[in-house]
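Please look at the sequence and the structure shown below, and keep both in view while reading. The paragraphs that follow lead through some of the helices, the interior and a few individual residues.

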Amino acid sequence: ATFLIPYCIMLLAAGLPLYFLELALGQYVSLGPNMLFQQMAPIFSGVGWAMVAVTLLTAIHYNIILAWSLFYTFSSFTLELPWASCNNSYNTAGCYSYKLSQECKEDDLVYYNKSCVQGSDLCGMKQLAIHNSSFCVSAENSSILLNAENTIEHRIIASQDFFDQRMLDKGSHTWGDMGTMQWEIVGCLGLAWLLVAAALARGVRSSGKVVYFTAIFPYIVLTIFFIRGITLEGAYKGIEFYIMRPNMTLLMEVDVWREASTQIFYSLGVSFGSLITLSSYNQFSNNCMRDAIIVSFVNCATSVYAGFAVFSILGFLATEQGKEVGDVVDSGPGLAFIVYPEAFTMMPAPTVWSILFFVMLLTLGLDSQFAYVETIISSILDQWENLRPYKLFVVAGMCSFMFVCGLTMCLQGGIYMFELFFTWSAGLSLIFIAVLEVVVFVYIYGFRRLMSMLEEMNIHVCLPLHGYWAVTWMLITPISLGMILVMSLTDLDKAKYEDYEFPIAVQILAWLLLLTSILVIPVVAIIVYFKSGKRGHELIQPTSDFCPAHIRGVGGTRETSMTTSTAELARPGVSHSLADLRLGVGASQPRPQSLDDGIFSNSYDNPGFRNSWQSVGNRESHTVI
């Protein structure tokens with residue numbers, strides 16, 4: 001409940017303003033993040049490349065989650081789900097199964113270590129005096145009786161035991177002994193990268209068609225789990241913990257606000273560069289402000305809705321185990337692979353629901369991964385245009401490179417490397433990039449220019465929203481994120497996984513991951529300073545190519561050049577990157593001198609020209625919001 005408060009506040013203070021800002025800029029200039037900053041303020045070209053660097057690090061570990069989804073999907077093709085019981089060779093003594101526990105309770109016994117035992121036996125194991133078959137006498141106070149079942153330590157549900165001991169097989173491995181390669185996970189990781197490469201080799205249009213299914217199907221599955229969850233005993237206990245018992249003192253801790261900001265950034269895709277890349281697909285007059293508002297609030301509402309499904313199940317498990325809701329399972333990236341699988345075992349036809357859920361999780365993950373990898377590929381092809389004819393090889397090469405980088409996460413102790421990337425590669429660095437991004441756009445490019453840009457795209461901003469964008473972009477967003485960044489740096493926890501704190505060498509590696517994307521910014525700034533020949537004011541001024549694509553791409557007459565370039569793009573049998581599919585691909589072509597410099601308002605009001613580029617825009621079969 002406490003987390004929901006900063007989560008919603010950061011949505012309004014940073015998430016929505018940044019989401020709309022990136023959509024608008026990408027749609028306006030039809031460029032990827034690396035080229036957009038290069039054309040808007042050359043000295044800040046590194047901000048775009050920092051986004052690409054963060055996306056690269058994220059894509060490497062994100063595909064591990066897809067590999068896990070594939071592993072669970074394949075494991076679900078059985079008559080009985082493998083995590084439905086504790087009778088497997090890999091299960092630990094503290095493994096708990098609701099079904100088996102109920103069978104033991106019918107005979108007044110307790111389920112422990114794969115069998116039904118007397119409660120008095122558990123008392124003896126803990127060297128406690130026996131009161132009766134179900135209760136022990138407390139060692140501290142003989143007048144206090146303890147439920148024998150509650151004396152079992154390290155009790156974990158069967159689905160978590162499956163995640164830890166079967167799929168990860170982490171055992172007692174540490175950074176000093178990462179164990180052997182988990183070849184099943186390696187195979188799933190290779191298949192996940194093959195799916196990504198196959199989709200992107202044909203271009204984003206083909207992969208985008210899947211979204212129509214993946215955008216609706218999760219709501220159906222979540223609703224079914226929600227209905228099932230609230231009908232379980234103890235569901236109210238979980239929902240109460242989730243929504244009705246906020247600990248207001250936690251709002252004074254910077255960790256809560258940092259986690260809320262990072263979660264918003266991951267949910268909306270802010271500061272990864274993917275929003276800029278994909279919005280460059282949009283028609284020039286698309287109302288991206290409406291899209292930003294709808295998507296941001298629907299996204300937030302979906303997250304809250306999914307929480308009800310999760311915590312109703314956690315409340316049930318807490319009731320069955322006699323624990324507090326917060327103690328049932330450990331939080332972390334594997335939570336979806338623990339709570340939902342446990343829910344399947346309580347539903348009719350559990351195998352069917354398990355397969356459907358993990359296929360859904362896979363397709364949702366692929367949507368995000370397509371955006372991440374396409375951002376990387378598009379940035380490479382935009383920067384080095386001579387590679388465009390070899391896009392297939394670029395895609396194959398980058399996917400192979402990231403596959404190799406992810407192999408360390410397929411070791412028995414690979415969860416430690418995954419946690420390192422998950423926590424440190426795109427946390428504070430995202431916040432730093434976001435602060436710099438909004439400062440560059442609002443204070444260097446200028447708020448008035450931004451509003452003129454929206455007017456040029458025929459996006460009407462009413463007075464209340466005008467005030468909201470002004471206050472957030474100019475004050476609330478940079479100040480709030482800046483404060484979170486500074487306070488986080490002064491009170492940053494050490495890298496760890498659960499209770500295992502990583503050794504000093506790994507702590508250094510964690511900081512290197514954090515600084516990798518940030519250091520790209522000054523390095524690129526130095527390169528631009530010495531290679532561009534620009535000095536002083538020129539380094540922070542937009543170039544002539546920072547303009548709409550239908551203006552930038554003009555070579556001779558406007559209509560002719562637009563029609564020709566689009567006809568080339570539409571040739572059958574040709575696959576294109578995002579850069580190839582944007583209107584007016586010739587970013588390197590000089591803009592005609594007759595066009596006014598600065599803001600390009602009313603520079604293309606000629607009806608013939610407007611009809612020409614509008615007809616080109618109507619051919620776009622996929623608009624990204």
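A good place to begin is a pair of helices, α3 and α7, where α3 passes α7 in a right-handed crossing. The model is a predicted one, and in it the axes of α3 (residues 45-75) and α7 (residues 183-201) come within 8 Å and cross at roughly 115°. Angles from 65 to 115 degrees count as roughly perpendicular, and therefore α3 is described as roughly perpendicular to α7. On the side of α3 the contact is made by Ala59, Asn63, Ile64, Leu66, Ala67, Trp68, Leu70, Phe71 and Phe74, while α7 contributes Glu184, Ile185, Cys188, Leu189, Leu191, Ala192, Trp193 and Val196.

A second pair of helices can be set beside this one. Helix α1 (residues 4-29) and helix α20 (residues 463-490) pack with their axes 9 Å apart and at an angle of about 115°, and here α1 passes α20 in a left-handed crossing. The residues of α1 that meet α20 include Pro17, Phe20 and Leu21, and among their partners in α20 are Trp469, Thr472, Trp473 and Ile476.

These helices belong to a chain whose secondary structure comes to 25 helices and 9 strands. Of the 625 residues of this protein chain, 56% count as buried. If one takes the contacts with a separation of 6 or more, residues 24 or more positions apart account for 80% of them.

What lies in the interior? The largest nonpolar core holds 171 residues, and those that touch the most other members are Trp68, Phe265, Leu420 and Trp473. Helix α3 gives the largest share of this core, with 18 residues. Apart from this core lies another, of 8 residues, including Val117, Cys123, Cys136 and Ala148. In soluble globular proteins, nonpolar side chains tend to be buried together.

Two of the residues named for the largest core can be followed further. Leaving aside residues up to four places away in sequence, Trp473 touches Pro17, Phe20, Leu21, Val438, Val442, Phe447, Leu450, Met451 and Pro478. Leu420, for its part, is one of the buried residues of α18, together with Gly414, Ile415, Tyr416, Met417, Phe418, Glu419, Phe421 and Trp424. Helix α18 (residues 414-424) is mostly covered, with 9 of its 11 residues buried, and what covers these buried residues includes α3, β8 (496-497), β9 (500-501) and α21 (504-532).

Which residues does UniProt mark as "binding site"? An unreviewed UniProt entry places this feature at Ser267, Asn299, Leu364, Asp367 and Ser368. Asn299 lies in helix α14 (residues 288-321), whereas Asp367 has its place in helix α16 (residues 350-383). Buried means under 20% relative accessible area, so Asn299, at 18% relative accessibility, counts as buried. Not counting residues up to four places away in sequence, Asn299 touches Tyr7, Ser267 and Leu268.

Another residue to locate is Asp164, which is placed in helix α6 (residues 158-167). Asp164 counts as buried because its relative accessibility is 7%. When residues up to four places away in sequence are not counted, Asp164 touches Asp169, Lys170 and Tyr497. Asp164 and Ile338 are 174 residues apart in sequence, yet their C-alpha atoms are 9.8 Å apart in space.

The last stop is the backbone at two loop positions. Most residues other than glycine have a negative phi. Asn113, however, is a residue other than glycine with a positive phi, near 55°, and Asn113 is found in the loop between β2 (110-112) and β3 (115-117). Ala349 also has a positive phi, near 50°, and lies in the loop between α15 (339-344) and α16. Are these two residues buried, exposed or partly exposed? Asn113 has a relative accessible area of 40% and is therefore partly exposed, and Ala349, at 44% relative accessibility, counts as partly exposed too.

Definitions and conventions. Residues are numbered from 1 along each chain as its sequence is written. This is a predicted model: local features need pLDDT of at least 70, side-chain atom pairs count only at pLDDT 80 or more; totals for chains, interfaces and linings use all residues. Side-chain values use heavy atoms; hydrogens and water are left out. UniProt positions are given in the numbering used here, feature names are shortened, and annotations may be inferred rather than shown by experiment. Helices (H or I, at least four residues) and strands (E, at least two) are DSSP runs, numbered from the N terminus. Buried means under 20% relative accessible area, exposed over 50%, partly exposed in between (1.4 Å probe, protein chains only). Contact means heavy atoms within 4.5 Å. A nonpolar core is a set of buried Ala, Val, Leu, Ile, Met, Phe, Trp, Tyr and Cys residues joined through side-chain atoms within 4.5 Å. Axes are lines fitted to C-alpha atoms, for helices over the stretch in contact, and angles run from 0 to 180 degrees between N-to-C directions. Angles under 35 degrees count as roughly parallel, over 145 as roughly antiparallel, 65 to 115 as roughly perpendicular and the rest as oblique. A crossing is left-handed if the near helix is turned anticlockwise from the far one by less than a right angle, and right-handed if clockwise.
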